[in-house]
Each structure stands twice: as structure tokens, then as C-alpha cells.
Amino acid sequence: MQLGKVAGTVTATAKDARLVGTKLLLTDLVDGKGSVLDPARIAVDTCGAGVGDMVMVVSGSAARMAAGLSTTPVDLAIIAIVDRVSTS
């Protein structure tokens, strides 16, 4: 699992049929302080995140384990909206 910050939305009208009905969000992977580590990744949203939200994401085969995505061609899924991050 990694932290991300939603930077925008992605609209794709021509796409794999298994992606119809999914919300695609442009997500920057960040560290615990919010510094961007990997910008502009597209993630399938499974929990109602929006632009500006800090989120928890999973990638690879774990992304397909998120709700309803078992046969969907995804590599990054948002699985939680983060309330707070504490660092020492």
C-alpha cells in the first residue's frame, strides 16, 4: 500500500468494457509528508475520493482485489481516503 494525493480526473469514453462505470482519478504517489514521489498515475476509485484527497492505493495484482475489480484490467486502485498521517 502507498499514499497518494488525487490531482485530477481522467475521462475516457473509448475504453475496455470492463472499465465502464469506474471513476478514474489522476493520482500522485506521495511520501508521509506529502512530497510527490511518482506523479500522474491513473487509479480506479473504489471509495468516493475526490480531487485534493489524500488516499491509500494498492498496485499490481492487489489492485484487482479491490471491490468489484477482479476481472478488470487495473494496475492502481484507491482503497481508502486517509484522514490523517502522523510522522515522528
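**Exercise 1. Work out how many positive and negative side chains the protein has, and how far apart the centres of the two sets lie.**

Step 1: count the charges. There are 8 positive and 8 negative side chains; Lys and Arg count as positive, Asp and Glu as negative, with His and the chain ends not counted.
Step 2: place them. Each charge sits at NZ of Lys, CZ of Arg, CG of Asp or CD of Glu, and the centres of the two sets lie 2 Å apart.

A quick note on the model: it's predicted, so local features need pLDDT of at least 70 and side-chain atom pairs pLDDT 80 or more, while totals for chains, interfaces and linings use all residues. Residues are numbered from 1 along each chain as its sequence is written, and side-chain values use heavy atoms, leaving out hydrogens and water.

**Exercise 2. Describe the fold and say why the protein counts as compact or not.**

Step 1: list the elements. You'll find 0 helices and 5 strands (DSSP runs: H or I of at least four residues, E of at least two, numbered from the N terminus).
Step 2: check the size. The radius of gyration, taken over C-alpha atoms, is 13 Å, close to the 12 Å from the globule rule for 88 residues, so the protein is as compact as a globular protein of that length. That rule is 2.2 Å times the number of residues to the power 0.38.

**Exercise 3. Place Thr72: is it buried or exposed?**

Step 1: locate it. Thr72 is in the loop between β4 (54-59) and β5 (76-81).
Step 2: check its cover. Thr72 is buried because its relative accessibility is 4% (buried is under 20%, exposed over 50%, partly exposed in between, with a 1.4 Å probe and protein chains only).
Step 3: find its partners. Leaving aside residues up to four places away in sequence, Thr72 touches Arg18, Leu19 and Arg64 (contact means heavy atoms within 4.5 Å).
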